[in-house]
Amino acid sequence: MQSIAVQITVVLLALLTLCFVWVLRRTATPTPLENLAPGAYKLRNRLFALALLCGALIAGFTLLPWPHDAQATQVTRHIDAKARQWAWELSDQTARVGEVIEFRVTSEDVNHGFTLYDDKQQMVAQIQAMPGFVNKVRYQFTTPGVYKVLCLEYCGVAHHGMVADIQVLPAP
Amino acid sequence: MTTPLTPVESKDASFGVKLYLGTSMAVLLLMMLVGGLMRAAQAGWLDIPADVFYQLMTAHGAGMVGIAGLAGAGIMWHFLGRYVQLSAAVLYINYGLFLAGVVLILGAIFWGGYAGGWTFLWPLPAKSMGLWSAHAAASFIVGLLLIGVGFLIFNLDAGLAITRQYGSVLRGLGMDQLWSGQIQANHPPAVVASSMVIIVNTLGILSGAVVLAVTLANLYFPELVINPLLAKNLIYFFGHVFINATIYMSVIAVYELLPVYAGRPWKVSRPFYAAWAAATVFVMAVYPHHLLLDSVMPAPLLVLGQIVSYLSGIPVLLVTVYGALLLVYRSGIQWKVPALWLMLAMFGWAAGVIPAIVDGTIHVNKVMHNTMWVPGHFHFYLLLGVLPMVIGFGLHITSLHKALNEPLQRAFFFLYFAGASAFSVAFLAGGWASVPRRWAQHWPEWMAYDQAGSLAALVVIVAMLGLVIALIKRLLERPHGTTA
């Protein structure tokens with residue numbers, strides 16, 4: 001998902017840069033604005049319609065089904081995760097490939113960020129840990145290894161030290 | 001054909017505006033140094049204890065957000081004051097309250113050890129695990145409240161002035177013209193932008209004040225609590241609105257000054273009014289995009305956060321940035337240094353929109369929230385968007401009587417552009433690699449991104465040092481004669 005986000009960002013940034021370069025290379029020769037305006041506003045109207053269309057399509061594809069309900073009907077097991085300054089308390093620190101784990105995350109004290117990293121240090125799932133609430137996130141492990149739970153919501157002086165392990169074993 | 005400068009465009013800035021500008025530039029440089037230290041620590045090049053790192057982080061966040069507000073307010077006051085009668089006394093009262101707040105905030109952090117982050121995310125200010133006292137947290141909170149009161153008074157004065165001149169703030173925003181379709185061509189864009197800021201920033205600051213007041217009470221009366229989810233909503237509403245208002249205040253400099261260099265007016269129109277009306281609503285409605293990973297939030301609010309994140313880009317990109325490009329296209333513009341900065345601001349703002357919108361998609365947010373992607377997008381907005389607006393404004397008003405050293409200023413410009421771009425891209429690259437934000441100590445695998453960011457920070461700081469020295473020297477000089 002990170003790679004898709006970066007590729008989209010790079011492409012759009014490149015397009016934006018090209019637009020700016022194209023315009024800025026054509027500022028020297030003056031032309032009355034009233035000659036340029038009709039064409040420019042027509043183009044803007046088309047861009048506006050395109051933006052709305054793209055936005056609607058993206059909203060439809062990314063919000064349906066509701067992202068926070070992903071895999072809700074496939075959950076095989078729950079793990080309770082309680083955050084506190086500054087450690088994670090997990091009801092289980094092992095899992096198996098193929099399991100869809102629902103992490104039920106809360107906090108004893110301040111806001112924390114329950115964040116699951118795979119053994120290549122890439123983030124694979126994340127949800128907020130809040131006092132008085134239980135947030136849920138589901139993840140299906142696909143490769144064995146030692147995964148880490150980090151805290152990504154600033155919570156005090158040892159925020160960066162809040163790390164726990166989850167040992168993911170091969171499928172039985 | 002270039003339109004000659006009219007007398008109002010060459011109006012000297014008042015002492016108060018110069019005070020805002022000079023203070024802002026100096027504090028921005030100081031905050032950049034603090035930020036540079038943070039990046040160097042994350043890069044493994046500086047050994048800073050974690051408690052000190054988080055104090056610096058708190059100071060950098062609060063300092064940058066606050067000073068961006070002060071700079072924007074100075075720009076807004078300078079231009080809005082051409083069209084309505086503003087109070088110089090209020091300008092100084094805001095400045096005085098700002099300074100008082102800064103003293104309390106710095107005292108809280110560097111004397112009291114307060115390191116709760118600029119977002120004061122409840123209940124963290126009260127739960128330091130012994131690192132700071134309730135008094136230190138209280139000092140920080142009261143400091144923010146004083147600054148908030150200053151800005152509320154500033155907004156109230158501006159709102160009353162617009163009301164006296166135009167009938168109401170909504171008329172200042174052009175809502176009557178948008179509705180009727182009868183456009184008054186000489187209605188100033190500066191008044192439109194100021195009206196929007198008055199509406200959103202008043203609501204934003206009041207929301208922040210509610211949670212600050214509860215936080216303050218809770219420090220001494222722990223039984224006085226607030227629902228943490230409500231607190232989070234209020235804090236992110238306040239924070240999002242306030243920092244965006246700094247951009248909307250500062251962009252007035254683009255509306256007013258880019259036309260001077262391009263020789264073409266920036267006129268209001270129905271699309272312009274529609275864009276600003278939309279921006280007024282969107283900047284407030286979008287705040288749930290800071291809570292996309294609180295699954296206990298009502299789903300419609302999170303849907304609103306994602307959808308409005310996308311919609312918010314339209315007024316920025318298709319009205320203001322597109323308008324700026326059209327203004328300079330085949331205009332015969334002479335690219336004096338202030339115009340370069342104002343154009344860079346348009347690029348920076350537009351560029352910052354892109355990673356913001358991408359991260360505003362819930363599926364992406366799930367794996368990029370609270371990574372370096374987030375400071376990546378807002379450093380694009382602020383370093384390459386807001387700050388160039390402030391610098392362009394500053395160089396313009398200080399070159400009315402004495403020409404700039406164009407070659408030297410161009411050198412600063414390109415150095416800054418290169419450094420700030422690399423700095424922001426290093427953050428985005430870190431986000432791609434899942435590097436967390438707000439960590440005092442980084443894992444070795446992440447440090448290459450931090451080292452690239454640190455080197456780029458150095459380039460930015462060098463450029464900014466040159467700019468600040470040049471600008472403050474000019475601000476301290478007496479103008480030679482006056483122009484109308």
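**Exercise 1. The hairpin of β5(A) and β6(A)**

Task: In this predicted model, find which residue takes a positive phi in the hairpin of β5(A) and β6(A), and establish how the two strands are joined.

Solution: Begin with the turn, where five residues lie between the strands and A:Q121 takes a positive phi near 60 degrees. Next, follow the strands themselves, which run antiparallel and are joined by six bridges; one pair to locate is A:H112, whose bridge partner in β6(A) is A:A129. Finally, check how β6(A) is covered: six of its seven residues are buried, and the strand is thus described as mostly covered.

**Exercise 2. From β5(A) to β9(A)**

Task: Trace the pairing of β8(A) with β5(A) and with β9(A), and state in which sense the strands run.

Solution: Start again from β5(A), which pairs with strand β8 (residues 145-151) of chain A in the antiparallel sense over four bridges, with A:Y117 standing opposite A:K148 in β8(A). Then move on to strand β9 (residues 163-169) of chain A, which pairs with β8(A) in the antiparallel sense over six bridges; here A:Y147 has A:I166 in β9(A) as its bridge partner.

**Exercise 3. The two faces of β7(A)**

Task: Decide which side chains of strand β7 (residues 135-140) of chain A are buried and which are not, and find the bridge partner of A:V100 in β7(A).

Solution: The general expectation is that side chains in a regular strand alternate between the two faces of the sheet. In β7(A), A:N135, A:V137 and A:Y139 point to one face and are buried, whereas A:K136, A:R138 and A:Q140 point to the other face and are not buried. For the pairing, turn to strand β4 (residues 100-107) of chain A, which runs antiparallel to β7(A) and is joined to it by six bridges; within this pairing, A:V100 has A:Q140 as its bridge partner.

**Exercise 4. Domains of chain A and its contact with chain B**

Task: State how far apart the centres of the two domains of chain A lie, and which element gives the largest share of the side of chain A that touches chain B.

Solution: The domain assignment divides chain A into domain 1 (2-67) and domain 2 (75-169), and their centres, taken over C-alpha atoms, are separated by 39 Å. The contact between the chains takes 61 residues from chain A and 61 residues from chain B. On the chain A side, the elements that give two or more residues are α1 (2-24), α2, β5 (112-117), β6 (123-129) and β7, with α2(A) providing the largest share, twelve residues. Sorted by class, this side of chain A has 36 nonpolar, 20 polar and five charged residues.

**Exercise 5. Cis peptide bonds and positive phi values**

Task: Locate the cis peptide bonds that precede A:P65 and B:P123, and determine whether B:R330 and B:N370 are buried or partly exposed.

Solution: In chain A, a cis peptide bond with omega of about -5 degrees joins A:L64 and A:P65, and A:P65 is found in the loop between α2 (33-63) and β1 (77-84). In chain B, the cis bond joins B:W122 and B:P123, with omega of about 5 degrees, and B:P123 is found in the loop between α3 (88-111) and α4 (134-166).

For the positive phi values, B:R330 has phi near 50 degrees and lies in the loop between α11 (299-328) and α12 (337-359) of chain B. Since a residue counts as buried at 20 or more other C-beta atoms within 10 Å and as exposed at 12 or fewer, B:R330, with 17, is partly exposed. B:N370 has phi near 60 degrees and lies in the loop between α13 (362-368) and α14 (373-397) of chain B; with 23 such atoms within 10 Å, B:N370 is buried.

**Exercise 6. The fold and core of chain B**

Task: Describe the make-up of chain B, and find which residues have the most contacts inside the largest nonpolar core.

Solution: Chain B has 16 helices and zero strands. Its radius of gyration is 22 Å, close to the 23 Å that the globule rule gives for 484 residues, so chain B is as compact as a globular protein of that length. Of these 484 residues, 62% count as buried. The largest nonpolar core has 228 residues, and those with the most contacts inside it are B:A193, B:M196, B:I252, B:V254, B:L258 and B:L342; α12(B) gives the most to this core, with 18 residues. To examine one of these residues, set aside the neighbours of B:L258 within four places in sequence, and its contacts are then B:W266, B:A324, B:L327, B:A339 and B:L342.

Notes
Residues are numbered from 1 along each chain as its sequence is written. Chains are lettered from A and ligands numbered from 1 in the order in which they are written. This is a predicted model: local features need pLDDT of at least 70, side-chain atom pairs count only at pLDDT 80 or more; totals for chains, interfaces and linings use all residues. Domain bounds come from an automatic or database domain assignment. Two strands pair if DSSP finds at least two bridges between them. A nonpolar core is a set of buried Ala, Val, Leu, Ile, Met, Phe, Trp, Tyr and Cys residues joined through C-beta atoms within 7 Å. Two residues are in contact if their C-beta atoms, placed from the backbone, lie within 7 Å. Ala, Val, Leu, Ile, Met, Phe, Trp, Tyr, Cys and Pro count as nonpolar, Asp, Glu, Lys and Arg as charged, and the others, Gly among them, as polar. The radius of gyration is taken over C-alpha atoms; the globule rule is 2.2 Å times the number of residues to the power 0.38.
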